[in-house]
Amino acid sequence: MTESKNVIVVGAGIFGLSLAVALRKKGHSITVFDKQVYHETGYQPPENDEFQAASVDHNKIFRASYGSKLHYQRLAYESRDEWLRINKDAGSDLFVDSGMLRVQPTSELGALEKETLTNMERDGLRPSQFIKSDAADRERARAEGWEAKLLEFPIPDDPEQKTFEAVLDSSAGFMRCSAACEYYRKLALSKGVNFKFGPKEGEYESIVSIESTTSPGKNRATGIKTKDGLTHPADVVVIAAGSYTTQLLPDMAYHLESSAGSIATFKIDESNTALWDKYSPEKFPVITWKSTPRNKAGKDTGSVYVLPRTPEGLVKIGYRGIKFTNFQPAPDDASFNQDGKWSVPLSPKDSTKIPEPAVDAIRQFVSIFLPDFTNTEFYSSKLCWYTDTLDNSFVIDWVPTYADNSVFVTTGGSGHGAKFLPVLGKHAADIFDNKENNTSAMYPFWRWREDANRGNGLSEGPNGPRNFDNLE
Ligand SMILES: Cc1cc2nc3c(=O)[nH]c(=O)nc-3n(C[C@H](O)[C@H](O)[C@H](O)COP(=O)(O)OP(=O)(O)OC[C@H]3O[C@@H](n4cnc5c(N)ncnc54)[C@H](O)[C@@H]3O)c2cc1C
């Protein structure tokens, strides 16, 4: 039994909520702070440009296909089991097993796909996968009721009129992200977690710290100060502020970069029964597509995905081919900068328009995969901010720049964290309580790693082609 601690968690998104529940279960006293008023909105996505948080969204993809990253594949299956249990507990489908069609760039299986299938095979999961061109898989899909989702899409301008190869993953689907956060907020409340919400009471301003008596030259955090001027004492401060994390904790600057994904929606009216039915999760899978170069300029238009329509009738399409950056002057206390700058989120108001390369890629995708919407205006569009890490793995560890294990961080979702909501906290709490003696198989990937190469595009900096200032 570890000593019970008074813990402040800053950020009530997926990473903060998951850890708060897990730490409370282990007997710690927890208060979660967030500048949003989630207790009033129930995490409902805002209709306008009020605020931005990656976890506040209608839906996010659930998949266990991770190429060669077997550790994430296994974590995804661990999470899937929990989602199924949560569905029963919640009495509604927070996780929907609609299946996901991984459409290949050509009429053949790509290299990453082959790796994914090999790893699925290794863990005995191959029966959940159906290759479109494989006669035996088709037969299985027919027998198991999945065949209608093995959709055929013609390759544009192909002289042989071939269709794209595809693999249907029947273990994948999506989670209702906002609804799942609200479920977790209520779960946390029922376990005795305290919440402070809103732009004054809930908004973090700074860490309060004193000089450490045990680690000369370092400070020990003793709590936080909020925007209303109050100081809140704590044994440990956890920062879980998503794409804002570096601004709250500039010591994270080497590990993280905020970048923008581009989202557009179409809206189907319920009276249009043909489309309403066609794009329902029962009939339509999640579709992902890694394209080959095929826009007008011959450039790779990158990876695009679509989710089945929501109960509100929204069909969401996401473009992640280019994650756009917004380099601004970095503060003096940032542990790392590039030419004096770092990338931080644009304001919600400035995040309502998506750049031209994203519009082009989405339109290209729509013309092939969603021809019903080729001439339809977007119902909405926005930039949604990722918290990318230097290697696409999360960062969940004690912050070594603070003394006496007084600051912990759980962040760096890198565009794939939402699906792990039910299990992130359990692994993070193990790291929190047991430090380097923890038993989480994920710790080698999530540890503090300033010794790691700054990859995943993070080396590009302000002069790179993804920076908004440099877009043509
Ligand atoms: C475009 C896009 C698509 C994605 N698609 C998928 C997907 O398909 N599948 C998947 O599994 N994952 C996906 N992800 C990743 C997933 O959404 C994130 O990993 C996850 O939501 C991050 O949660 P978080 O808690 O770290 O951050 P957030 O959800 O951003 O939460 C951070 C919280 O901190 C609060 N905060 C910030 N500053 C302060 C402050 N000063 N004081 C108090 N509170 C503060 C914010 O209000 C917010 O509530 C996607 C992400 C993006 C951006």
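This is a short dialogue on reading the ligand shell, the domains and one sheet of a predicted model.

Visitor: What should I know before reading the model?

Guide: Residues are numbered from 1 along each chain as its sequence is written. The model is predicted, and local features need pLDDT of at least 70, side-chain atom pairs count only at pLDDT 80 or more, and totals for chains, interfaces and linings use all residues.

Visitor: Which residues come nearest the ligand?

Guide: A residue is near a molecule if its C-beta atom, placed from the backbone, lies within 6 Å of it. Here 39 residues surround the ligand, with G13, G242, G261, G413 and G417 nearest.

Visitor: How do the residues of the shell divide into nonpolar, polar and charged?

Guide: Ala, Val, Leu, Ile, Met, Phe, Trp, Tyr, Cys and Pro count as nonpolar, Asp, Glu, Lys and Arg as charged, and the others, Gly among them, as polar. The shell has 18 nonpolar, 16 polar and 5 charged residues.

Visitor: Which element gives the largest share of the shell?

Guide: Helices (H or I, at least four residues) and strands (E, at least two) are DSSP runs, numbered from the N terminus. Strand β20 gives the largest share, 4 residues.

Visitor: What is the strand order in the open sheet?

Guide: Strands of a sheet pair through backbone hydrogen bonds, either parallel or antiparallel. Two strands count as paired if DSSP finds at least two bridges between them. The 8 strands run β6-β7-β5-β15-β16-β17-β14-β20, with mixed pairing. At the edges, β6 (129-131) and β20 each pair on one side only.

Visitor: How many bridges join β15 to β16?

Guide: These antiparallel strands are joined by 4 bridges, and K290 stands opposite S303 in β16.
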